Amino acid sequence: QFTISEGHLIVRPDQMVKEFKDCIALAQHCLKVLGVEEDVTYHLSKWDPENREKYIGEPEVWEETEGHIRQMLNELNIPFTEDVGEAAFYGPKVDINAKNVYGKEDTMITIQWDALLAEQFDMYFIDENGEKKRPYIIHRTSMGCYERTLAWLVEKYAGLFPTWLCPEQVRVLPISEKYEAYAESVLAALKDNGIRATADHRAEKIGYKIREARLQKIPYLLVVGAKEEEENRVSVRSRFLGDEGQKPLADFIQAVCTEIRTKEIRKIEVTEESK
């Protein structure tokens, strides 16, 4: 099965170009937030006039609608290729594709121009002159089906998700059982601020805990001991910079909350500590 959030915009013909451009802008926004805007290609999917039984509508309608999309993509300075025979049966579309790890292109997002189905369903609106007119329809998604998008992100990031996407964003590591209470207070403060966090209270050496957490690709590790408890601080290790040193707990929480709220995609700086 798959799950998709698909929108259907029913508009006047004179609204079509602006609304279609806005749908492209929405898709680009989602791609940017996910950090994959550089990984996609754009396609104008057209009908095949040599295989007319697959489609409804007259050739002039197809030529006009394909022309509108071509002009929009050029105006938006979006490079694209034209694919004959890839249109929906009721209209051309913009397909936004990405390659999977096997090199095959999958369609991640589609935005379809539909000038024909309104007639099939006898849809109409009353214009300013009181006359019945056929609307146009845009069929669009903003990020494609969730399962395919998630698989795409898993392949791209190989587990190194941006902090805001990680199922576990912070792990608290007390250096011994004596500091479990302080670790729990740190954990509570993190959770109170909506940060997805856990604490590792196992009777293992701190080096072992750190290595295991790093293998699980958790963005932030907070090591706590006597000095941290005394000063209400945490020793921060991140997968971005390695050992970031001690920080006041409040400062760390504020920085991570900002990173999560803004959906920042931090780059990993290769250091001896972060290797």
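In what order do the strands of the open sheet of six strands lie, and is the pairing mixed? In this predicted model, the order is 1-8-5-4-2-3, and the pairing is indeed mixed.

**View 1. The six-stranded open sheet and its edges.** The sheet with the order 1-8-5-4-2-3 is bounded by strand 1 (6-11) and strand 3 (80-84), each of which pairs on one side only. Direction ignored, neighbouring strands of this sheet are turned by 25 degrees against each other on average. At one of the edges, strand 1 runs antiparallel to strand 8 (residues 136-141), and the two are paired over six bridges. Within this pair, Leu-9 is found opposite Ile-138 of strand 8.

**View 2. Helices 1 and 4 on the six-stranded sheet.** Helix 1 (residues 16-34) packs on the sheet through contacts with strand 1, strand 2 (40-46), strand 4 (93-99), strand 5 (105-114) and strand 8, and its direction makes about 160 degrees with that of strand 5. Helix 4 (residues 146-157) also packs on the sheet, where it touches strand 2, strand 4 and strand 5, and the angle between its direction and that of strand 5 is about 140 degrees.

**View 3. The five-stranded open sheet.** Five strands, arranged in the order 10-9-11-12-13, form an open sheet with mixed pairing. Strand 10 (197-199) and strand 13 (242-248) each have a single partner strand, so one side of each of these edge strands is left without a neighbour in the sheet. From one strand to the next, the twist averages 25 degrees. Strand 9 (residues 170-174) and strand 10 run parallel and are joined by three bridges, with Val-170 standing opposite Ala-197 of strand 10.

**View 4. Helices 5 and 6 on the five-stranded sheet.** Helix 5 packs on the sheet and touches strand 9, strand 10, strand 11 (220-224) and strand 12 (233-238), while its direction makes about 165 degrees with that of strand 9. Helix 6 (residues 206-215) likewise packs on the sheet, touching strand 9, strand 11 and strand 12, and its direction stands at about 170 degrees to that of strand 9.

**View 5. The crossing of helix 5 and helix 8.** The axes of helix 5 (residues 180-192) and helix 8 (residues 249-261) come within 11 Å and cross at roughly 35 degrees, and the crossing is right-handed. On the helix 5 side the contact is made by Val-186, Ala-189 and Leu-190, and on the helix 8 side by Leu-249, Phe-252 and Ile-253. These contact residues comprise six nonpolar, no polar and no charged.

**View 6. The second largest pocket.** This pocket holds about 210 Å³ of space. It is lined by 16 residues, of which Lys-156, Tyr-157, Ile-265, Arg-266 and Lys-267 are the closest to its centre. By class, the lining of the second largest pocket divides into eight nonpolar residues, one polar and seven charged.

Definitions and conventions: Residues are numbered from 1 along each chain as its sequence is written. This is a predicted model: local features need pLDDT of at least 70, side-chain atom pairs count only at pLDDT 80 or more; totals for chains, interfaces and linings use all residues. Side-chain values use heavy atoms; hydrogens and water are left out. Axes are lines fitted to C-alpha atoms, for helices over the stretch in contact, and angles run from 0 to 180 degrees between N-to-C directions. Helices (H or I, at least four residues) and strands (E, at least two) are DSSP runs, numbered from the N terminus. A crossing is left-handed if the near helix is turned anticlockwise from the far one by less than a right angle, and right-handed if clockwise. Contact means heavy atoms within 4.5 Å. Ala, Val, Leu, Ile, Met, Phe, Trp, Tyr, Cys and Pro count as nonpolar, Asp, Glu, Lys and Arg as charged, and the others, Gly among them, as polar. On a 1 Å grid over the protein atoms alone, a cavity is a set of points where a 1.4 Å probe fits but cannot get out, and a pocket is an open set with protein on both sides within 12 Å along at least five of seven lines; lining residues have an atom within 4 Å of a point. Grid points are joined across faces, edges and corners, and a volume is the space filled by probe spheres set on the points. Two strands pair if DSSP finds at least two bridges between them.
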